[in-house]
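The following paragraphs are intended for a reader who meets this structure for the first time. Please keep the sequence and the model in view while reading.

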Amino acid sequence: MRSAIGRGADLILAAGGDGTINEVVNGMVHSDVPLGILPAGTANVLACELDIGTTLERASESIDACVRERVAVGRLSRGADDSGARHFLMMAGAGLDAEIVYRLNLRLKDALGKVAYWLGGFANVGRRLPEFTVETEGRKFRVSFALASRVRNYGGDLEIAPTVSLLDDQFELVLFEGANSFAYLRYMLGVVIRKHQRMRGVTIVRTRKASFSSPEDSRIHLQVDGEYAGLLPATVEIVPGALTLLVPPTFRDRRPASVEDPAWIIQPTR
């Protein structure tokens with residue numbers, strides 16, 4: 001991407017799934033060249049978020065009408081050496097969902113698409129989940145799954161970060177407590193019916209930076225935009241105004257409404 005931009009490209013169109021788009025984003029961060037999305041992957045979370053359609057045909061028809069929007073991205077860094085840092089447009093996950101990505105059967109994914117992720121998730125039911133520590137906004141949380149999200153959509157079907165927008169300079173950090181994997185049957189039902197934000201064991205925090213750590217003998221996996229990204233420890237932070245994205249002209253109108261009582265965003269009443 002950087003070589004194309006250096007040669008004078010004035011528009012980049014990325015055709016592929018969320019992982020492909022992530023690779024393109026990492027080559028475009030801090031440039032002024034706009035990025036247009038042509039979905040062609042498994043979940044197409046970004047295409048769902050932008051409401052440009054999940055097919056190449058529909059998305060290509062909408063490109064001419066799209067407008068430029070400067071947006072923030074997330075940055076995932078691991079350890080003291082930042083040489084392996086990765087940027088992400090949508091989300092970074094630690095714990096359970098990254099474990100599913102790490103163990104995903106790629107042949108099954110090619111054959112079944114998103115169903116392969118659900119099968120990977122159900123394969124964890126009955127086992128004890130490793131826990132780790134999330135530190136943000138001066139507080140510490142003990143969790144088994146943490147998602148720093150820039151988009152409401154998760155997996156193409158679910159809405160997990162209820163009020164965040166790509167237009168924000170913050171994450172919604174969605175935290176799930178507990179080592180008992182059976183609790184996730186309740187959590188996922190809550191996500192499906194959009195009631196998880198008020199469930200015991202779920203915390204949502206608005207933040208610009210968070211750190212994830214675990215005991216040295218634990219192996220806690222990471223993912224960014226659905227692609228495997230290594231092991232804890234790690235830090236995620238917002239990089240404001242880092243990318244120009246082509247979005248539908250009505251995208252700002254679809255921004256989630258502010259929550260009148262924001263108390264639940266920090267932590268539901270126990």
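Ser165 sits in the loop that connects β10 (158-159) with β11 (171-176). In this predicted model, is Ser165 buried or exposed? Its relative accessible area is 3%, and Ser165 therefore counts as buried, the limit being under 20%. The side chain of Ser165 reaches the backbone nitrogen of Leu167 at a distance of 3.0 Å. Leaving aside residues up to four places away in sequence, Ser165 touches Arg150, Arg255 and Pro256.

Ser165 also belongs to the lining of an enclosed space, the second largest cavity. The volume of this cavity is about 30 Å³. Besides Ser165, its lining consists of Glu49, Arg152, Val164, Phe251, Arg254, Arg255 and Pro256. Arg255 and Pro256 thus appear both among the residues that Ser165 touches and in the lining of the second largest cavity. By class, that lining holds 4 charged, 3 nonpolar and 1 polar residues.

How many cavities of 30 Å³ or more does a search of the whole structure find? The search finds 2. The largest cavity has a volume of about 60 Å³. Its lining is formed by Gly95, Leu96, Glu99, Arg127, Leu129, Pro130, Ser144, Arg219, Ile220 and His221. These residues divide into 4 nonpolar, 3 polar and 3 charged.

Leu96 and Glu99, two of the residues that line the largest cavity, are also buried residues of helix α5. This helix is mostly covered, with 6 of its 8 residues buried. The buried residues of α5 are Leu96, Asp97, Ala98, Glu99, Ile100 and Val101.

The attention now turns to an open space. The largest pocket has a volume of about 820 Å³. It is lined by 38 residues, and those closest to its centre are Asp97, Ile100, Tyr117, Tyr154 and Gly155. Two or more lining residues come from each of the elements α2 (18-28), α5 (96-103), α7 (115-122) and α8 (183-192). The lining of the largest pocket comprises 19 nonpolar, 12 polar and 7 charged residues. Asp97 and Ile100, named among the residues closest to the pocket centre, are buried in α5.

Another part of the model is built from strands. Strand β13 spans residues 209-213 and has two faces. Which residues of β13 form the covered face, and which the uncovered one? Ala210 and Phe212 make up the covered face, whereas Lys209, Ser211 and Ser213 make up the uncovered face. As a general principle, side chains in a regular strand alternate between the two faces of the sheet.

Strand β13 pairs with two strands described here. It runs antiparallel to β6 (residues 132-136), to which 3 bridges join it. It is likewise antiparallel to β16 (residues 234-247), with 4 bridges between them. Ser211 takes part in both pairings: Glu135 is its bridge partner in the one, and Thr235 of β16 is its bridge partner in the other.

The loop between β13 and β14 (221-224) contains Glu216. With a relative accessible area of 86%, Glu216 is exposed, because exposed means over 50%. The C-alpha atom of Glu216 is separated by 9.3 Å from that of Leu232, which is 16 residues away along the chain. The two loop residues considered here thus contrast: Ser165 is buried, whereas Glu216 is exposed.

Technical notes: Residues numbered from 1 in each chain as written. Predicted model: local features only at pLDDT ≥ 70, side-chain atom pairs only at ≥ 80, totals over all residues. Heavy atoms only, no water. Buried < 20%, exposed > 50% of the residue type's maximum accessible area, 1.4 Å probe, protein only. Pairing = 2+ DSSP bridges. 1 Å grid on protein atoms, 1.4 Å probe; cavity = no way out; pocket = protein on both sides within 12 Å on 5 of 7 lines; lining within 4 Å. Points joined across faces, edges and corners; volume = space filled by probe spheres on them. Nonpolar A, V, L, I, M, F, W, Y, C, P; charged D, E, K, R; others polar. Polar contact = N/O pair within 3.5 Å; in protein donor to acceptor, adjacent residues only side chain to side chain. Contact = heavy atoms within 4.5 Å.
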